[in-house]
Amino acid sequence: MAIDLRSDTVTRPSQGMRDAMASAPVGDDVYGDDPTVNSLEERVAALFGKEAGLFAPTGSLANQLAIRSLVSPGDELIAETNSHIVRAELGAAAVFSGITTRTWPAKNGLLKASDALDIARPNSGPYLVSTTAIAVENTHNFGGGTVQPLDEIKALRVGADALGLALHLDGARIWNAHVASGVSFAEYGKYFDTISVCLSKGLGAPIGSIMLSTKERVVASRVWRKRYGAGMRQVGILAGAAHYALDHNIERLAEDHRRAKALAIALAKIDSTLVDPALVETNIVGLDLSSYAVTASEVAALAKEKGLWVSALGPKYLRLVTHLDFDDAQCEEAISILTHIFTSLK
Ligand SMILES: *Cc1c(COP(=O)(O)O)cnc(C)c1O
């Protein structure tokens with residue numbers, strides 16, 4: 001079978017997870033009657049120190065529900081240039097909520113509070129767009145799984161308070177940030193008005209995200225979730241998978257991080273311009289092919305021929321993501337395939 005490092009979304013539910021799904025008590029969640037969904041929402045909200053949570057089928061929807069609760073139509077959300085909300089949600093903020101975005105660029109997506117605060121323009125009057133919220137992605141996906149420094153998050157909160165701005169955390173991979181940094185979920189939760197977390201990435205659930213905030217915002221978001229067509233019924237079957245993921249799959253993310261580091265170290269040995277292993281903090285390895293004549297998609301095609309799937313996310317940018325279904329033997333095999341390819345290209 002192919003080794004699939006395109007994303008941490010490619011994992012398949014384990015037997016244990018499937019058993020948890022099969023035995024989950026369910027009810028109609030549109031009526032608020034699904035006990036497994038209710039307990040999941042309460043559990044994740046408590047974990048992050050928030051009043052309430054809302055189960056959503058995707059992280060994009062959880063992000064969109066959150067930001068629409070913070071930003072009025074015609075106002076502005078600011079975010080890093082390569083953030084998921086800006087680049088990978090297909091303009092949803094504009095299409096669904098009339099939210100405009102403006103961005104600041106950051107190397108590897110690494111947060112510096114002053115980068116965001118410098119471009120924020122709250123209460124801009126009748127002539128310029130007013131900023132009302134700032135989004136932070138932790139870990140930063142296209143930045144290469146970058147863990148955001150707690151000091152910068154704190155500084156951003158202080159600055160945002162001074163300007164009257166709200167903060168949203170796109171925490172699709174906050175689990176990875178927690179395991180890499182040792183910072184608790186409650187600590188991360190303290191600094192943000194709204195949070196989205198994904199259960200379908202490193203945690204290995206087949207589907208599911210949670211939007212977290214105050215009771216008031218979550219009640220309002222429930223209405224919007226239904227309006228968007230994502231009011232779901234006996235969805236405790238999916239929440240059961242999420243409970244199982246929270247029970248079993250958080251601390252083991254350290255293994256994904258260890259294998260990502262091993263990949264980076266092996267590749268840097270072949271050519272140090274490909275990747276700096278010191279920057280590989282979590283489960284994402286970004287490869288820079290700018291010193292090669294070939295494109296990222298050509299390398300991805302070569303790797304695929306040998307049974308290794310990777311993502312070409314830019315003309316010269318390849319992404320490898322480690323996950324639950326990638327073990328040490330596959331890691332050795334992946335290193336051997338990539339070593340072969342890059343040695344022959346040099
Ligand atoms: C995957 C991801 C999301 C959500 O993606 P969906 O495919 O909609 O579940 C949001 N933010 C980041 C940073 C992600 O990597």
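This report covers the ligand site, one helix pair and two backbone features of a predicted model.

**Ligand site**

The ligand is surrounded by 13 residues. The closest of these are G59, S60, D170, R173 and K201. Polar contacts between side chains and the ligand are listed below.

| Side chain | Ligand atom | Distance |
|---|---|---|
| H84 | nitrogen | 3.5 Å |
| N141 | oxygen | 3.2 Å |
| K201 | oxygen | 2.8 Å |

K201 thus appears both in the list of closest residues and in the table, where a polar atom of its side chain is 2.8 Å from a ligand oxygen. For H84, the ligand partner is a nitrogen atom, at 3.5 Å from an N or O atom of the side chain. On its own the ligand has 390 Å² of accessible area, and the protein covers 83% of that area.

**Helix pair α8 and α12**

Two packed helices are described by the angle between their axes and the distance between the axes. For helix α8 (residues 174–181) and helix α12 (residues 253–270), the axes come within 9 Å and the crossing angle is roughly 80°. Angles of 65 to 115 degrees count as roughly perpendicular, and α8 and α12 are therefore roughly perpendicular to each other.

On the α8 side, the contact is made by W175, N176, V179 and A180. Their counterparts in α12 are L253, A254 and H257. Sorted by class, this contact has five nonpolar residues, two polar residues and no charged ones.

**Backbone features**

Most residues other than glycine have a negative phi, and most peptide bonds are trans. Two places in the model depart from these patterns.

The peptide bond between N138 and T139 is cis, with omega at about -5°. T139 sits in the loop that runs between β5 (131–137) and α7 (150–163).

L90, a residue other than glycine, has a positive phi near 55°. Its position is in the loop between α4 (84–87) and α5 (92–97).

Notes
Residues are numbered from 1 along each chain as its sequence is written. This is a predicted model: local features need pLDDT of at least 70, side-chain atom pairs count only at pLDDT 80 or more; totals for chains, interfaces and linings use all residues. Side-chain values use heavy atoms; hydrogens and water are left out. Axes are lines fitted to C-alpha atoms, for helices over the stretch in contact, and angles run from 0 to 180 degrees between N-to-C directions. Helices (H or I, at least four residues) and strands (E, at least two) are DSSP runs, numbered from the N terminus. Angles under 35 degrees count as roughly parallel, over 145 as roughly antiparallel, 65 to 115 as roughly perpendicular and the rest as oblique. Contact means heavy atoms within 4.5 Å. Ala, Val, Leu, Ile, Met, Phe, Trp, Tyr, Cys and Pro count as nonpolar, Asp, Glu, Lys and Arg as charged, and the others, Gly among them, as polar. A residue is near a molecule or strand if one of its heavy atoms lies within 4 Å of it. A polar contact is a pair of N or O atoms within 3.5 Å; within protein, one must be able to donate a hydrogen and the other to accept it, and residues adjacent in sequence count only if both atoms are side-chain atoms. Accessible areas come from the Shrake-Rupley method with a 1.4 Å probe; for residues, only the protein chains shown count as cover.
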